Amino acid sequence: MSTRTTLTPGWEPTAATPRLLPVAPGLAKTYMKLFVNRLSYCEQSPYGDHRYHRPKHPELKTLAARRAAREMPDQKWGSPPHVERANEIYLELVKERRLSSPFRSLTEKTIEQHLAGQVTVNLYAINPQTQCCKWVAIDADYDTEQAKRDLAKLRKELLLDNVFAVQEYSRRGGHLWIFCEDPLPAKQCRLFIYNLALRLGVPIKGSGFADEGIEIFPKQDSLAPGALGNAIRAPLGIHRKNDNRYWFVDIGQLTLQAQIEALCQLPKLTAEQLNDLTHK
């Protein structure tokens, strides 16, 4: 059986394309069990400022743009009036077809493409239906050497509490990831990491703490129904700003299969542990 992911029809890698990797069958499903707590997501643009956007349903987007062009023959395709009318038609089509959302939901197919390197997606930590998260991520996106020292300090202290955090490289600094055995309350997870960082003297960005420092995902204690919160780049894909793939540190070979298998075997934070660590 081939282990190569099925890519979008008509898409072919070129010399300028970031390195593409094969994705073994079932790997995307395993990845989703580890990382995906809700199906809302964004894709990173490969162009311009590389911002993230929520992807729409492509067939409806195309249909809406064509209808808008027919209605407005004097307007150039892509002009502000054309785009505005196309957006209006798009929402009408979503309503007509009784779709649950105007935006696409995250699927195994999209995760395959992310791991392969065709697209790059981000992930939201909190599921607003439960106010729980599957993981906690600590993002140190500041002076690289200081960020490395702060992450090492946090990781060492977490290990003393039998909490296993795995480090991921990033464009600046790095990320620490802690995985939960079952989804745990976001508020309690944040309480744990905030107190740990304050005790160790690790700066926390914003919220009256410091201009530069770690950011903790989830960034909210809870979310209103339908709210998104803040997202973080999904690991093991390509960062579009520099076309690099960032791996986890010290957990096995630099292959998708080996890294994801190692993450599955990593001891997870339990509700009992979190209760003990946040007692009083």
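**Entry 1: Q131**

I began with Q131, which sits in the loop between β4 (126-127) and β5 (132-140). The model I am reading is a predicted one. I looked up the backbone of Q131 and found phi near 60°, a positive value in a residue other than glycine. I noted as background that most residues other than glycine have a negative phi. I then asked how accessible Q131 is. Its relative accessibility is 24%, so I recorded Q131 as partly exposed.

**Entry 2: R98**

I turned next to R98, which also has a positive phi, near 55°, and is not a glycine. I located R98 in the loop between α3 and α4. Is R98 buried or exposed? R98 counts as exposed, because its relative accessibility is 79%, and the cut-off for that class is over 50%.

**Entry 3: A cis peptide bond**

I looked up the peptide bond from F217 to P218 and found that it is cis, with omega near 10°. For context I wrote down that most peptide bonds are trans. P218 belongs to the loop between β8 (215-217) and β9 (231-233).

**Entry 4: The protein as a whole**

I then stepped back to the whole chain. I recorded eight helices and 11 strands in the protein. The C-alpha trace spans about 65 × 45 × 35 Å along its principal axes. Does the radius of gyration agree or disagree with that of a compact globule? For 280 residues a compact globule would have a value near 19 Å; the protein has 21 Å, which agrees.

I noted that 47% of the 280 residues count as buried. The protein exposes about 14800 Å², and carbon and sulfur atoms supply 50% of that area. On contacts, I considered pairs of residues at least 6 apart in sequence, and 70% of these contacts join residues at least 24 apart. I also looked up the charged side chains: there are 38 positive and 31 negative ones, and the centres of the two sets lie 3 Å apart.

**Entry 5: H175**

I placed H175 in strand β7 (residues 174-185). Why does H175 count as buried? Its relative accessible area is 5%, and buried means under 20%. I listed what H175 touches, leaving out residues up to four places away in sequence: I138, D139, L151, V166, Q167, E168, S170, I232 and R233. One of these neighbours deserves its own note, as the side chains of H175 and D139 are joined by a polar contact of 3.2 Å.

**Entry 6: Helix α7**

Which residues of helix α7 (residues 256-265) are buried? I found L256, A258, Q259, I260, A262 and L263. I then looked for what covers them, and the cover includes α1 (27-35), α4 (108-116), β6 (165-169), β7 and β11 (244-245). Strand β7, which is part of this cover, is the strand that holds H175.

**Entry 7: Q113**

Helix α4, also part of the cover of α7, contains Q113. I recorded Q113 as buried, because its relative accessibility is 7%. I compared its place with that of H50: the two are 63 residues apart in sequence and 17 Å apart in space, C-alpha to C-alpha.

**Entry 8: R54**

I found R54 in the loop between β2 (52-53) and α2 (58-71). At 26% relative accessibility, R54 counts as partly exposed. Which residues does R54 contact beyond its neighbours within four places in sequence? I wrote down S40, Y41, C42, F103 and L228. I also checked R54 against S105, which is 51 residues away along the chain, and their C-alpha atoms are separated by 9.4 Å.

**Entry 9: V83 and A271**

I looked up V83 in helix α3 (residues 80-96). V83 is partly exposed, with 36% relative accessibility. The C-alpha atoms of V83 and V121 are separated by 24 Å, and the two residues are 38 apart along the chain.

My last residue was A271, in helix α8 (residues 271-277). A271 counts as partly exposed, since its relative accessibility is 40%. How far apart are A271 and W77? They are 194 residues apart in sequence, and from C-alpha to C-alpha the distance is 54 Å.

Methods:
Residues are numbered from 1 along each chain as its sequence is written. This is a predicted model: local features need pLDDT of at least 70, side-chain atom pairs count only at pLDDT 80 or more; totals for chains, interfaces and linings use all residues. Side-chain values use heavy atoms; hydrogens and water are left out. Helices (H or I, at least four residues) and strands (E, at least two) are DSSP runs, numbered from the N terminus. The radius of gyration is taken over C-alpha atoms; the globule rule is 2.2 Å times the number of residues to the power 0.38. Buried means under 20% relative accessible area, exposed over 50%, partly exposed in between (1.4 Å probe, protein chains only). Contact means heavy atoms within 4.5 Å. Accessible areas come from the Shrake-Rupley method with a 1.4 Å probe; for residues, only the protein chains shown count as cover. Lys and Arg count as positive and Asp and Glu as negative; His and the chain ends are not counted. The place of a charge is taken as NZ of Lys, CZ of Arg, CG of Asp or CD of Glu. A polar contact is a pair of N or O atoms within 3.5 Å; within protein, one must be able to donate a hydrogen and the other to accept it, and residues adjacent in sequence count only if both atoms are side-chain atoms.
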